[in-house]
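Trainee: I've got a structure open and want to talk it through with you. Can I fire some questions at you?

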Amino acid sequence: MVRFFLLTFAFLFSAVHAHADMDRELKLSALYQAVHAQGLLRSADITLVGITSLFSHKETSAINDLIIHNSLNRHVERVPGLSALFTTDVNGNLKHDSFRYPTRSLNLKDRAYINNALRLTNNELYIGEPIKNAIVAYDSLPLSRPIFNDQGYITGVGVAVMTPDHLLQRTKICKKCVVSIFKTNGTKIVSFPAAVEAQPDIQKFMADHPDNTIVDLTINKLPTLTVWTQIADYDLVLLYSYFK
């Protein structure tokens, strides 16, 4: 009888220990992905700050357009996941573009990432919504900042375009896991595997459960252990789920 109780206790202790290990591993995996995404966003954002700062000075208008184009290209090449940099004037007209020279005659005033940046009163970052690309097999994620002149008036917008898939370190995601990044307004930025569509209402999930707390959650009719965590400095959250 004593042996039976000892074996039962050992089994229960082992199960509790294994569960604690799983919780810890899940939280660390979520944190790792959040820090990875934060690092890439920060690199793109620092580049964008530099670009908007450059174009805030009227002396920049004297620089040859080809030199600016080549400079933007070099910035794009240095930052992982960054696919393009461009600027517009306050009316949304494309001014400088890393993608093509000479710059096309194009008005982008109807784009949300331009309009929202023009509404900002401080030198803030606006994270847009992913844009589906009909030509290539990946989305584009626009990041934008207003360009202020020396008097503090907005004279245009600087835009950095990222490939959102780069925000997730796929090689570190287990085969039984799904990881997603959302804006706090509920818009999904990226998910891997992309085929997993039925995910929770992230705003309700955040309201119901504290961050870094393991929760039993059903996704695609399958049970998971799920945790969410804030991506520091940005209006984004990461959801990490492990299918039991």
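Trainee: Okay, taking the contacts with a separation of 6 or more, what share comes from residues 24 or more positions apart?
Mentor: Bear in mind that this is a predicted model. The chain has 4 helices and 10 strands, in the order α-α-β-β-α-β-β-β-β-β-α-β-β-β from the N terminus. Among its contacts with a separation of 6 or more, the share from residues 24 or more positions apart is 51%.

Trainee: Which residues stay under 50 in pLDDT?
Mentor: For the chain as a whole, the mean pLDDT is 88, and 89% of the residues reach 70 or more. One stretch stays under 50, and the model gives it 0 contacts beyond four places in sequence. That stretch is residues 4-18.

Trainee: Which helix gives the most residues to the largest nonpolar core?
Mentor: That core has 39 residues, and Leu143, Met162, Leu167, Ile181, Ile231 and Tyr240 touch the most other members. Take Ile231: leaving out residues up to four places away in sequence, its partners include Ala34, Ala37, Gln38 and Leu41. Those four numbers fall inside the span of the helix you're after, residues 2-54. With 9 residues in the core, the top giver is helix H1.

Trainee: Now H3. Why do its buried residues end up on the same side, and what arc do they cover?
Mentor: The buried ones are Tyr113, Ile114, Ala117 and Leu118. An α-helix has 3.6 residues a turn, so residues three or four places apart point the same way. The buried residues of H3 pack against strands S1, S3, S4 and S5. They sit on the same side of H3 because the arc they cover around the axis is only 130 degrees.

Trainee: Is Arg145 buried or exposed?
Mentor: Arg145 lies in strand S4, residues 141-148. Beyond its neighbours within four places in sequence, its contacts include Asp45, Leu48, Ala117, Glu124 and Gly156. Its relative accessible area is 9%, and the cut-off for burial is under 20%, so Arg145 is buried.

Trainee: And which residue has its backbone oxygen 2.7 Å from a polar atom of the Arg145 side chain?
Mentor: Look through the contacts of Arg145 beyond four places in sequence, which include Asn123, Glu124 and Leu125. The backbone oxygen lying 2.7 Å from a polar atom of the Arg145 side chain belongs to Asn123.

Trainee: Which residue joins its side chain to that of Asp216 in a polar contact of 2.5 Å?
Mentor: Asp216 lies in strand S8, residues 215-219, and counts as exposed at 57% relative accessibility. Not counting residues up to four places away in sequence, Asp216 touches Thr224, Leu225 and Lys244. The side chain in that 2.5 Å polar contact is from Lys244.

Trainee: Last one: is Ser105 buried or exposed?
Mentor: Ser105 is found in the loop between strand S2 and helix H3. Its C-alpha is 8.4 Å from that of Lys95, 10 residues away in sequence. Its relative accessible area is 81%, and the cut-off is over 50%, so Ser105 is exposed.

Trainee: Oh, and what percentage of the whole chain counts as buried?
Mentor: Start from the outside: the chain exposes about 13600 Å², and carbon and sulfur atoms supply 57% of that. Of its 244 residues, the part that counts as buried is 42%.

Note on methods
Residues are numbered from 1 along each chain as its sequence is written. This is a predicted model: local features need pLDDT of at least 70, side-chain atom pairs count only at pLDDT 80 or more; totals for chains, interfaces and linings use all residues. Side-chain values use heavy atoms; hydrogens and water are left out. Helices (H or I, at least four residues) and strands (E, at least two) are DSSP runs, numbered from the N terminus. Buried means under 20% relative accessible area, exposed over 50%, partly exposed in between (1.4 Å probe, protein chains only). A polar contact is a pair of N or O atoms within 3.5 Å; within protein, one must be able to donate a hydrogen and the other to accept it, and residues adjacent in sequence count only if both atoms are side-chain atoms. Contact means heavy atoms within 4.5 Å. pLDDT is the predictor's confidence in each residue, from 0 to 100. A nonpolar core is a set of buried Ala, Val, Leu, Ile, Met, Phe, Trp, Tyr and Cys residues joined through side-chain atoms within 4.5 Å. Accessible areas come from the Shrake-Rupley method with a 1.4 Å probe; for residues, only the protein chains shown count as cover. The arc is that of the directions from the helix axis to the C-beta atoms.
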